Amino acid sequence: MVRAIRGAIQVDADDRDSVISGTTELVSAIMERNRLTPDDVISVLFTATPDLTSEFPALAARKLGFHDVPLICCTEIDVPGALPRVVRLMAHIETDRPRSEIQHVYLRGAVALRQDIAQ
């Protein structure tokens, strides 16, 4: 079955190290909590708030071994009052687990975005 996993993290600053380390933390948590390997991942869509321009979040996934996985980065809509410095992702995966067992991951300040599903 194909499932989608959502996640987000608020990073400390708009600098290359913060974007890479935050995205690495997010992707690693999603992979660990859902017991996945890069071979289970079909594709990943990354978004970043408009205040994050120092690096592509997908670079962190490449460094984690996502060499053959299609990745794309987009800028989010600039909504007044939105939480700043947020990287989000939606990963499409192959799994035998039911939707109820998929763990969506929201870290640091991004927990406030989806308290209903954040784990």
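With a relative accessibility of 18%, E76 counts as buried, since that label applies to anything under 20%. The model discussed here is a predicted one, and E76 is a handy way into it. The residue sits in the loop between β3 and β4, where it forms a salt bridge with R88. In that bridge, the closest N and O atoms are 2.4 Å apart. R88 belongs to strand β4, so the bridge ties together parts of the chain that are 12 residues apart in sequence. While E76 is buried, its partner R88 is partly exposed, at 26% relative accessibility.

R88 has plenty of other company. Strand β4, where R88 is placed, covers residues 86-94. Once residues up to four places away in sequence are set aside, R88 touches G7, A8, L45, F46, T47, T49, E76 and L113. The salt-bridge partner E76 is thus among the contacts of R88.

R88 also turns up in the database record. An unreviewed UniProt entry carries the annotation "binding site" for R6, R88 and Y106. These three residues span 101 residues in sequence, yet no two of their C-alpha atoms are more than 8.8 Å apart, so they gather at one spot. From this set, R88 is part of the lining of the largest pocket. Y106, another of the annotated residues, is found in strand β5, which runs over residues 105-107. At 7% relative accessibility, Y106 counts as buried, whereas R88 is partly exposed at 26%.

Just after this strand comes another arginine worth a look. R108 is placed in the segment after β5 and, although not a glycine, has a positive phi of about 55°. Its relative accessible area is 35%, which makes R108 partly exposed. R85 shows a similar backbone feature: here too phi is positive, at about 55°, in a residue that is not a glycine. R85 lies in the loop between β3 and β4, and with 26% relative accessibility it counts as partly exposed.

The salt bridges in the model come to 4. Besides the pair formed by E76 and R88, they include two that involve R108. One of these joins R108 to D12, with the closest N and O atoms 3.8 Å apart. This pair links distant parts of the chain, as D12 lies in the loop between β1 (2-10) and α1 (16-33) and R108 in the segment after β5, 96 residues apart. D12 is exposed, its relative accessible area being 62%, while R108 is partly exposed at 35%.

The other bridge to R108 comes from E25, and here the closest N and O atoms are 2.5 Å apart. E25 lies in helix α1 and R108 in the segment after β5, so this bridge ties together parts that are 83 residues apart in sequence. Like R108, E25 counts as partly exposed, at 33% relative accessibility. Through the partners they share, the salt bridges join D12, E25 and R108 into one network.

Charged pairs are not the whole story. On the surface, L45, I72 and M90 form a nonpolar patch, with about 230 Å² of accessible area together. I72 is placed in strand β3 and is partly exposed, with a relative accessible area of 43%. L45, also a member of the patch, is one of the residues that R88 touches.

Strand β3 covers residues 71-75, and P70 is found in the loop between α2 (58-63) and this strand. P70 is partly exposed, with 48% relative accessible area. Leaving aside neighbours within four places in sequence, P70 is in contact with I42, S43 and V44. For one of these contacts, V44, the C-alpha atom is separated from that of P70 by 6.6 Å, although the two residues are 26 residues apart along the chain.

Terms used: Residues are numbered from 1 along each chain as its sequence is written. This is a predicted model: local features need pLDDT of at least 70, side-chain atom pairs count only at pLDDT 80 or more; totals for chains, interfaces and linings use all residues. Side-chain values use heavy atoms; hydrogens and water are left out. Helices (H or I, at least four residues) and strands (E, at least two) are DSSP runs, numbered from the N terminus. Buried means under 20% relative accessible area, exposed over 50%, partly exposed in between (1.4 Å probe, protein chains only). Contact means heavy atoms within 4.5 Å. UniProt positions are given in the numbering used here, feature names are shortened, and annotations may be inferred rather than shown by experiment. On a 1 Å grid over the protein atoms alone, a cavity is a set of points where a 1.4 Å probe fits but cannot get out, and a pocket is an open set with protein on both sides within 12 Å along at least five of seven lines; lining residues have an atom within 4 Å of a point. Patches are made of residues with over 30% relative accessible area and no salt bridge: like charges are joined within 9 Å, nonpolar side chains (Val, Leu, Ile, Met, Phe, Trp, Tyr) within 5 Å. Accessible areas come from the Shrake-Rupley method with a 1.4 Å probe; for residues, only the protein chains shown count as cover. A salt bridge is a side-chain nitrogen of Lys or Arg within 4 Å of a carboxyl oxygen of Asp or Glu.
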